[in-house]
Every structure is written in structure tokens, then in C-alpha cells.
Amino acid sequence: MVNGQDWRKMASETIDDIQKRASNLAPYAQETDQVYGDLFKSGPAGDFITNIMGQETLYGSPLIYGKDNKYSMGLTQIDPIRYQDLLTDYSDSPVYQNRVNKINEYMQSKPGYEGWDMTKLATIEDNKYSELSKYANDPLTNFMTTRMMLMKDPRPVPQNIVGQAGLWKHMWNTLSGAGDITEFADKYNVYRPVEATMYRPGP
């Protein structure tokens, strides 16, 4: 199920449509891995983030993902509680401040992202998003922000789909959530073209 809908029965979308959306995310995954690897010596996570996007929104399916919604942010569906955790970590931790500031500096150096700030992507009121910035639902923004959140777990991100499904369930969906690890793996097996998977930066 994806937002209450059976992902196998979305008749107006073909497998090819969905595979193309997944493949189009590969450059963002690669850029995220390169930047986090260069700045923080982090291992690759772009493939895992892409798979989270597949589970949460079918890589941005227009049938289930509306950019104007304010209950979550981006293709990985960052909810207000999770984003508030990031803001709290930024406020309380010099280490986290340094990490976020470095990503801010990188993103602001890119044309079109001059006003980008990971701590100002959304405004939260009463545990809900009251306003989203123009960058909030941008795919690269979602990759960069999700990767920052995943850094709270110091362990390397698994590079196999079974390990990724387990990590998604434990860290993103939570053990009490409605998501299913079999569904997570099934979507990968059905929709991920080979050229979009398991990116690893060169030496």
C-alpha cells in the first residue's frame, strides 16, 4: 500500500513510466553521495534514499504525491516531527551545526539555490507544516536533507535491498508503522533499472 493505495493497481501508470522516474533520480543520488563523501567521508546512501522514495511515493507518482501537500515534505515524505528533530539537533549540537552549515554552503554555491537553507525549508506550527519553502519539494533538497537525517545512525547504509528494507523499517517507517519490508523490496525488484542502482563513487 502507498498512502492507502495498492501500488500494483495504479492503472494509469505503466511500469516504464515508474522506471523512468526512478532512473531520473540517479544524478541526485550520485551528487549526494559525492558531496557527503567529500565533506564527511560518509559511505554511499543515495541508492537507499532512492528506494525510500520508491516506497513512500513511487518515486514521485502524481497519483499519490502532491507537491502542495503540507503533511509531509519531499519524495521521502519527511514529516514535521522528523524535520523538527533535525532543527533541534542543529540548535543543540555543534557537530550537527557544522554538518548542516557545510551542506548549506555547498547548495548555496549552485545556481538557483542561492537562498537554500536546510533549517528553513519549512515552518512548523502545532506539529504540522504551515509553510513550505520553494526548495522544500525539490528532489536534490530531499536527497541532501534525508542524507543528513540518516547520519544520526553511524553505521554504514546496507548496500543490499534486504538490509535497506530493514533499515527503512527501523529508522524511517518505525517498527510500529504500517509499512512492509517485503513491499519495500518488491518495489525495488519491479521498478529499479540497473543503471539507477548501487552507485559507488570512484577512487
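Start by selecting methionine 148: leaving aside residues up to four places away in sequence, its contacts (heavy atoms within 4.5 Å) are Tyr36, Leu86, Tyr96, Arg99, Val100, Ile103 and Met118. Before you go on, note that this is a predicted model, where local features need pLDDT of at least 70 and side-chain atom pairs count only at pLDDT 80 or more, while totals for chains, interfaces and linings use all residues. Residues are numbered from 1 along each chain as its sequence is written, and side-chain values use heavy atoms, with hydrogens and water left out.

**The core**

Keep Met148 on screen and add Met73, Tyr83, Ile103, Trp116 and Met118: these six touch the most other members of the largest nonpolar core, which has 50 residues. Such a core is a set of buried Ala, Val, Leu, Ile, Met, Phe, Trp, Tyr and Cys residues joined through side-chain atoms within 4.5 Å. Buried means under 20% relative accessible area, exposed over 50%, and partly exposed in between, with a 1.4 Å probe and protein chains only.

**The whole chain**

Now zoom out and colour by secondary structure. You should find 8 helices and 2 strands, in the order α-α-α-α-α-β-β-α-α-α from the N terminus. Helices (H or I, at least four residues) and strands (E, at least two) are DSSP runs, numbered from the N terminus. Of the 203 residues, 51% count as buried. Among contacts between residues at least 6 apart in sequence, 69% join residues at least 24 apart.

**Helix H4**

Next, select residues 80-92. Helix H4 has 13 residues and reaches 18 Å from its first C-alpha to its last, close to the 18 Å expected; the expected span is 1.5 Å times one less than the number of residues. At the N-terminal end, aspartate 79 is the cap, with a side-chain oxygen 3.2 Å from the backbone nitrogen of isoleucine 81. Pro80, Arg82, Tyr83, Leu86 and Asp89 are the buried residues of H4, and their cover includes helices H5 (94-108), H6 (139-150) and H7, along with strands E1 (122-125) and E2 (128-132).

Stay on arginine 82: its charged end sits over the ring of tryptophan 172, 4.0 Å from the centre. That description requires NZ of Lys or CZ of Arg within 6 Å of the ring centre and within 35 degrees of the ring normal.

**Helix H8 and its aromatic partners**

Move to residues 181-191. The buried residues of helix H8 are Glu183, Phe184, Ala185, Lys187, Tyr188 and Tyr191, and among the elements covering them are helices H1 (15-24), H3 (46-57) and H7 (161-173). At the start of H8, a side-chain oxygen of aspartate 180 comes within 2.8 Å of the backbone nitrogen of threonine 182.

Then show Phe48 beside Phe184. The two form a tilted aromatic pair, 6.4 Å centre to centre with 50 degrees between the planes. Phenylalanine 48 lies in H3 and phenylalanine 184 in H8, so the pair ties together parts 136 residues apart in sequence. Both phenylalanines are buried. Add Trp168 to see the aromatic cluster of Phe48, Trp168 and Phe184. Rings of Phe, Tyr and Trp (its six-membered ring) pair if their centres lie within 6.5 Å; planes under 30 degrees apart count as stacked, over 60 as edge-to-face and the rest as tilted.

**Last stop: asparagine 173**

Finish at asparagine 173 in helix H7, which is buried at 18% relative accessible area. Glutamate 56 is 117 residues from asparagine 173 in sequence, yet their C-alpha atoms are 9.3 Å apart.

How values were computed:
A polar contact is a pair of N or O atoms within 3.5 Å; within protein, one must be able to donate a hydrogen and the other to accept it, and residues adjacent in sequence count only if both atoms are side-chain atoms.
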